[in-house]
Structures are given as C-alpha cells and as structure tokens.
Amino acid sequence: MEGLNQRQKKLIQLLLQNENYLPVAHYAQLVGKTSRTIYSDLDKIQRVFSAEKVVIEKKPRIGVKLIGDAKAKMALLEAIGESEQIMLETFSPMDRRLSIAKMLLVDAATITQQRLARQFHTSPSSIAVDLDKISESYGITIVPSKRGTCIEDGEEEIQRALFRFMEQWLSHVGISDDMLFSLKGQEQVHQIFEPKLVLVVFEQIQLLKHNQELFFPAQYQKSLFLRMLVFFHRLSKNRHIEESEFLFDQIQMIDTYYLASGLVKAVCEELAITYREDDVSYVNRQLLGYGIKVHSSSEAVFEQYAPIIQRVLKTMSEIMQVDFTEDDVLRERFSNHFIPMVYRLKLGIEITNPLVEEIKNQYSIIFSSTWYALANVEQELHIQFNDEEVAFLAMYFQVSLEKSQNGKKILIVCPTGVGTSELIYNKIKRILPAQDIAEVTTVDKLYKKNLENVDLIISSIHLTDIDKPIIKVSTLVTQEDIKNITSLYSDFFYQEEENSQQNVQFDALKQVIDPGFIETHQQFENKTECLNHMIDRLEKERIVTQAFRQEVFEREQLGETALETGVAIPHAAPQNVLKTKVSILTLKKPILWDQRKVSYVLLMCVAQSERKLVRGIIADIHKIVRSEVNIKHFFDQQSAEEIYQGILRR
C-alpha cells in the first residue's frame, strides 16, 4: 500500500493480532520507537484507510484497538500486501471452519490436518475438532485416506450440505434474506461461486419472480436461488443427482416440468456445460417443492386437497376455540403453502424457516396445536411433518387469531407517531395473548377517533381525559415496563375470567388424568431432573415406550416448551405412547426451563390409537394455561387430589 512504510505495516499486523485495548507504549516497545512516533503512525494509518470499514479507536488511559469485522480486517491485510497466513491469524474458530468447509464442499479439495494446522497457525487437534463440527453441522461424512481427508457422500448429500454451508456463511457475513438479491449480497456470493454463474442463476430467478403466469412464494425465493447456485456449480463439475425412474415418471406429469427444462437449458447454454434428462427432473423437483405453480392448472390440485385442508382448519378451530373455517384469507394462504409442502415432504425436499425458533418460543400453544392437528392427516398423505413446515403453517393461524374478534383491542401510542410506536409494538406484542389485536396510532388520532371498542391503551406519554385503562411505558420498553404490563393486564381483564370459571368444561382432560400421575410441591434443580423423574414413572407404569424419553428431550432441544404464564407443556409424537395420560407436576420452587421460570409441568402422552382425543386435550389445556389467573386457580397450593377433583368436577 503506497504511503505506508514497513514499520506502519508491522503496526497494522500487531493491531490485528490483539483483541483488547493496549497502551501505545506497548506497541512503541515492540517496534522500537517512541510513543509519539506511534501516535503519528496511527493517525497516518487511519487517514490512508479512511474509506475502509476499520477504525482505530483510542481510549484515554486505556489504550488503542482496531475495530472492524473479520472481512474488513482481511481486506486491510490484503491492501498492505501481506501473506494469506498472516491474514488467517486474525480468524475466529468460526472463520476457520467456514474456510475449511469451503475447501471441502466448494473446491472439492483433499486436505490434511497437518497442512491445515500450519496454514491456520493452530494445532492438529483443533483442526480435528473443526472437522468434527463441520461433519455434524452439514451432515456429511469426512473420511481420511492415503491422499488425505475428503468428503465421502452421495451427490444429493453433498449438495444438501453445500446449501446449509451457504446459509451459515451468509449469516456469518451479515447478509440477510432481503440483502441477498442486492448488489452487496451478490458481491458476497461471488466470494464462493464464479461471478458468471451467480449472474446467470440470478437472472433466471428474477424471471421466475416476475413471470405473471406463475405463483412463486416470496419466502422461498432465497432458498431456491441458493439451491440452484449449488446445483449448477456441481453440474459444471459434471456431478449429477440420479433421479429414480418412478420419481421421473411422476414429475413429467407436472406442469412445471417444461419450465424446469427451459431454466436448465438457458443456464447450461450460458455456462457451456452439458446436462441430462435427470438434471431437468431434479430442477423440476426443486421448483415444485419451493411452491412454484402455474396459475392456469392449479384449480384441480386445490380441489384435490380441499377436504384435507378443511379438516385441518376444523380441527384447529376446535382446539383454539376460534372458527378458522370462516376465514377465507386464511384458507387461501394456508392452501398455497400446504399443497407444495405435501410435495416437498413426499420428495424429501428441505426448506429453511428463519422464523421457526421465534414461533416455537413465542407461540408455543399455536405451534403445538398445529402440530397435533396435522398429525391427524399424516397417514392419509403418507408424509411426516417437520418443525420447519409446522412453524410456517402455525403462522397463518396466528395471523388469523390476531385479526379475530376474540381478543382484546389495544392501542399503542407515542408522541412522535407511528415510527416510534412500532418500536414499542415489537417489544410488547410478544407478551400479549395470541388472540389480542394491537394497533399503533398517534396522539392526534387518539383524541379524534371513537374509543368505544378499545379495551386498553399503552402509551409512552401521559394521557388525560381518556376513559379507558392506560399503561404508561418508556420509549425503550424496559424490563420493568414488561412486568407492569403483565401485572396491570391481569388486573384489568382477568377478573371476568375468574368469575366465569363456573362455566369451564374439561370433557377430554378428565378422561386422561389420573391422581396417580399428579404430583405436587416437588423440588428439582433443573428441567432435565424434572423430566427424567416424570418419564421414569411413566415408563414404570408402561404408559410410554423407552423411545419416548429421547423424543421428549430432542423436542426440548429444538425449541422452548415453556410459556410466559409459568407452565411447560413438553410432549412427543403418539407412536411412542402406549396409553393416553396427562402427567401433572407442580413445583415447590420455580426452575429455569430454557429462558423462562416454570412452576407447573403438564407432560402430554397421547397414544396412536386415541388420536381422536388430541383435539379435546389440547383445547382443555389451553383453557387452563392461557393466563396466570387460570393456572393458579387450578394448581396453586392444591394437593394432587384437589387438582384431580377440580378438573373432574368440570
């Protein structure tokens, strides 16, 4: 880099190798110069690299530090002409693993642990750990040979792993789904794939997006783009995924087959690569799986699945006690996702749902209810639903709930208008019951509009002459505000629920509870101890199989089953249940269940032969856990017999 001497380049290297603030005197001693000279060097370095995304931050009496992400630091070292090995000294373990994964998956290289250890300036044992992590993260088999270490898997497994690598890499470098199709996103993808390949595939995805005769769900556009990049990258290396004759015969009857044929032909002509009929069949499988449909021929397919979709909507209506069958918008959106989803699951196509953890954590009841509702049609469709798909479908029900007439109507107000109100909205919406409707508004509109149907107002300013319950919060919505909202919400609205307890019925729950499986005032250190204790008793009484325990813990790892109301509802699929029971346990002291404090646990066990009870059990549990008032009414300070009789009398 012109303008910098060797001392200043050395100073850049030293700054990059330290993650902490260090005194200028420290660097002065390392390069054999005075602190005054180092200060002058630092100023010059910052001027030369003023356009780069790195900053030399100086803190009086503390020291100096180079601020910037790994990519910016690498660019800085490249600019001063230093070797790749020096650059790699600044890598984090994740940077190193992604680089090794690229060698294996993108470059199809054969590597050795010793060579990688030298290249990344680390120990062979650290490289061995990296390879184990890569194998686990991407589901690939990494095996040693006489020539070195390489991937030994089928083509479909390699492409699936490369797809996962791309998602992880884009997330690591800060490229969101929205940014992927921007110039910045494309430049990042160029670091992995050839720019011409990226351009050609990008153009084909854009054609699909803007084709007025096609339906192409927005939530799958990123996934299809990455999938096609991976496929054509591998095709350029003469790697093909073998399609079975049966699958090919099935796919040829689908309208999108010729769409896939045109796409493959266009890309291969631009890149001067050859393809086979199997390749078109594979691309058609991706188009179908990611929801692309031709409008003119979709009516018959919708009619084919309409009875099944109607049953799912009806089941969810019974579980959630909301009539989803009358929501035409829900039916249309649900159907548009459901039909391609069935094809995806039949053909083994994976999708990524970026909202899955948030949905499972924030909307546990909706997620679990959707999961059980879909379980009733699995056998008929000959598929098994996964959490990614269930979470997507649960969102459609959640949106319908939020616009239904069954919840409270809440206004969120702040003096600076809708923009700031959105900040408040995004924080507090998560703690409101699923069926509540929240709307942002301005102070001016608040006083001009009719508030007759408003149940509650949450505001960041003091309001006068408003004859409605008001909760005052700060603009940032602190934890104290969250506590106040939860407490005051209960005071405002749950008294009426308490008065209506006489009308609550538990027709299904009373059939599956047993005083022998109700334990009160128990004490455990954590949720693992608690679950093991409950499952031990269920296994001893032959209520569940030995596989039940593993499945319960696997589902716990996938996401939270604890609710804001202090109750956890762990569960597993019916195939590992021998007899239907709901095991109830109350705790002497709350325990941390992932991110929430839990005082009550309801472990659901529904046998395959008694799936007809699922709807009622979920609905009855929902009646109890929907509020802290209801939970305390039925469980707090109650003996096992009192809990049993309290439910039995309903």
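Where is the place of alanine 108? Let me start there, and hello everyone. Alanine 108 sits in the loop between α6 (93-105) and α7 (113-119). Please keep in mind as we go that this is a predicted model.

So, what drew me to that loop? Alanine 108 has a positive phi of about 55°, although it is not a glycine. Its relative accessibility is 45%, and because buried means under 20% and exposed over 50%, alanine 108 counts as partly exposed.

There is another residue to put beside it. Glutamine 637 is not a glycine either, and its phi is positive, at about 55°. You will find glutamine 637 in the loop between α30 (628-635) and α31 (640-648). With a relative accessibility of 62%, glutamine 637 counts as exposed.

Now let's go to the hairpin. Strand β1 (residues 55-59) and β2 run antiparallel, and five bridges join them. Three residues lie between the two strands, and one residue in the turn, arginine 61, has a positive phi of about 65°. If you want a pair to click on, lysine 59 stands opposite glycine 63 in β2. Is strand β2 (residues 63-67) largely enclosed or open? Four of its five residues are buried, so β2 is largely enclosed by the rest of the structure.

On to the nonpolar cores. As background, nonpolar side chains in soluble globular proteins tend to be buried together. Here, the largest nonpolar core has 68 residues, and Phe334, Phe338 and Phe385 are those with the most contacts inside it. Helix α18 (residues 328-347) supplies the largest share of this core, nine residues. Where does the core lie with respect to the domains? Domain 4 (299-404) and domain 6 (509-649) both give residues to it, so the core lies between them.

Let's zoom in on phenylalanine 334. Leaving aside residues up to four places away in sequence, phenylalanine 334 touches Ile309, Val312, Leu313, Leu393, Tyr396 and Phe397. There is also a second, separate core, this one of 64 residues, and it includes Leu98, Ile100, Met228 and Tyr282.

Next, a charged residue for you. Aspartate 620 lies in helix α29 (residues 614-625). Is aspartate 620 buried or exposed? Its relative accessibility is 4%, so aspartate 620 counts as buried. And which residues does aspartate 620 touch? Again leaving out residues up to four places away in sequence, the contacts are Gln505, Phe506, Asp507, Ala508 and Leu509.

My last stop is the open sheet. Four strands form it, in the order β11-β13-β14-β12, and the pairing is mixed. β11 (518-522) and β12 (567-568) stand at the edges with a single partner strand each, so one side of each has no neighbour in the sheet. β11 pairs with strand β13 (residues 581-593) in the parallel sense, over three bridges. Within that pairing, isoleucine 518 stands opposite isoleucine 584 in β13.

Two helices to look for here, please. Helix α27 (residues 527-540) packs on the sheet and touches β11, β13 and β14 (596-605). The direction of α27 makes about 160° with that of β13. α30 packs on the sheet as well, touching β12, β13 and β14, and its direction makes about 65° with that of β14. You have met α30 already: the loop that holds glutamine 637 runs between α30 and α31.

That's my tour, thanks for listening!

Technical notes: Residues are numbered from 1 along each chain as its sequence is written. This is a predicted model: local features need pLDDT of at least 70, side-chain atom pairs count only at pLDDT 80 or more; totals for chains, interfaces and linings use all residues. Side-chain values use heavy atoms; hydrogens and water are left out. Buried means under 20% relative accessible area, exposed over 50%, partly exposed in between (1.4 Å probe, protein chains only). Two strands pair if DSSP finds at least two bridges between them. A nonpolar core is a set of buried Ala, Val, Leu, Ile, Met, Phe, Trp, Tyr and Cys residues joined through side-chain atoms within 4.5 Å. Domain bounds come from an automatic or database domain assignment. Contact means heavy atoms within 4.5 Å. Axes are lines fitted to C-alpha atoms, for helices over the stretch in contact, and angles run from 0 to 180 degrees between N-to-C directions.
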